[in-house]
Amino acid sequence: NVLHQQLGHLQFSLKKFDDEINQTQNGLNEIERNLQKYVNVIIETKNLSYRLKSVSEIQSIMQKYLVELKEEKLNELSKLFLEYFNNLSRKDNIIQKIEINPDDFSVLLYKENGQVIPRAELSAGEKQIYSIAMLWALTHTSGRSLPFIIDTPLGRLDSDHRYKIVKNFFPKASKQVIILSTDTEIDEKHFESLKNSISHSYHLEFNRKEMATEVTRGYFWER
C-alpha cells in the first residue's frame, strides 16, 4: 500500500512535470515561429532600415525569452534545492521556502512561519548540507550529466547527517561520483551500504621515501 501511494505520488509529479515541459515547449515553439517569421522578412527585403527594425524586434523577443527562461530555471532550482536539502537534513523540513534573486542570485531561506533563516545561524553540518544540496540542484537544473568530485565529505557531519548523505546523496548525485574519503568517514558500515554503487576503489598513501603518493587498488581494509 505504501509503495502504491508512493507510485501514485510519483506519477502525479511526473504528469505535472510533463505538463510544465509541454507548456514551455509550446512557448518556445511560438517564439521560434516568430523568430523565423522575422528572419524570412529580412531575407526577402533589401530595405536596410526595415532590416534594422526587424533585428531590434527580434532582440526584444529573445530578451523576453531569456528573462522567462531564467525565471523558470530559478523556480526549478528552488524546488530541487528544497527537496534535496530536506532529504539530507536530519531536522525535518527545517527550510520551507527559498527565494533566489534573479538579479544578483542572492538566496533567502524561510522557516514554516515565514521567518527568514540567516545562513550564519545554520550549524556547520547544516551549512555543508546547504552546499551539497545547492550543487546537486544546480547540476540537475543544468540538464547536463556532470560528475561529482567530493573531498572529505563527512568531516563536519554528525552520524544522522552522515547516514542520510551516504543513503540519499552518494548513490544518486550523478552517474559518476568520485569520493575522496578517510577510513573514519566512509567506514566499513558505510562502505558496505554503498557497495552496489561502487565501481572502483583505490587507496592513496604518501610515500615519504619517494616523496610521492602511491595508488593501490582497494579501499583501506580491501587492500
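Is Ser201 buried or exposed? Ser201 is buried, because its relative accessible area is 14%, where buried means under 20%, exposed over 50% and partly exposed in between, with a 1.4 Å probe and protein chains only. The model on screen is predicted, so local features need pLDDT of at least 70 and side-chain atom pairs count only at pLDDT 80 or more, while totals for chains, interfaces and linings use all residues. Residues are numbered from 1 along each chain as its sequence is written, and side-chain values use heavy atoms, with hydrogens and water left out.

**Stop 1: the whole chain**

Show the full chain as a cartoon. It contains five helices and seven strands; these are DSSP runs numbered from the N terminus, helices being H or I with at least four residues and strands E with at least two. From start to end the pattern reads α-α-β-β-β-α-β-α-β-α-β-β.

Along the principal axes, the C-alpha atoms fill a box of roughly 75 × 50 × 40 Å. The radius of gyration is 24 Å, against near 17 Å for a compact globule of 223 residues; this radius is taken over C-alpha atoms, and the globule rule is 2.2 Å times the number of residues to the power 0.38.

Switch to a surface. The accessible surface is about 15,800 Å², and carbon and sulfur atoms hold 52% of it; the areas come from the Shrake-Rupley method with a 1.4 Å probe, and for residues only the protein chains shown count as cover. Of the 223 residues, 28% are buried. Among contacts with a separation of 6 or more, 52% join residues 24 or more positions apart, a contact being heavy atoms within 4.5 Å.

**Stop 2: the three-stranded sheet**

Select strands S1 (97-100) and S3 (116-117), then add S2 (residues 107-110). They form an open sheet in the order S1-S2-S3 with antiparallel pairing; two strands pair if DSSP finds at least two bridges between them. S1 and S3 are the edge strands, each with a single partner, so one side of each has no neighbour in the sheet. Strands of a sheet pair through backbone hydrogen bonds, either parallel or antiparallel.

Zoom to the S2 and S3 pair, which is joined in the antiparallel sense over two bridges. Tyr110 has Val116 of S3 as its bridge partner.

**Stop 3: two residues with positive phi**

Most residues other than glycine have a negative phi. Select Phe105, in the loop between S1 and S2. Its phi is positive, about 60 degrees, although Phe105 is not a glycine. Phe105 counts as partly exposed because its relative accessibility is 45%.

Next select Met211, in the loop between S6 and strand S7 (212-217). Met211 also is not a glycine, and its phi is positive, near 55 degrees. With 60% relative accessibility, Met211 counts as exposed.

**Stop 4: strand S6 and the loop before it**

Select Glu205 in strand S6. Glu205 is partly exposed, with a relative accessible area of 38%. Draw a distance from its C-alpha atom to that of Phe220: the two residues are 15 apart along the chain, and the separation is 10.0 Å.

Finish at Ser201, in the loop between helix H5 (188-194) and strand S6 (202-207). Which residues does Ser201 touch, not counting those up to four places away in sequence? They are Phe191, Arg217, Gly218, Tyr219 and Glu222.
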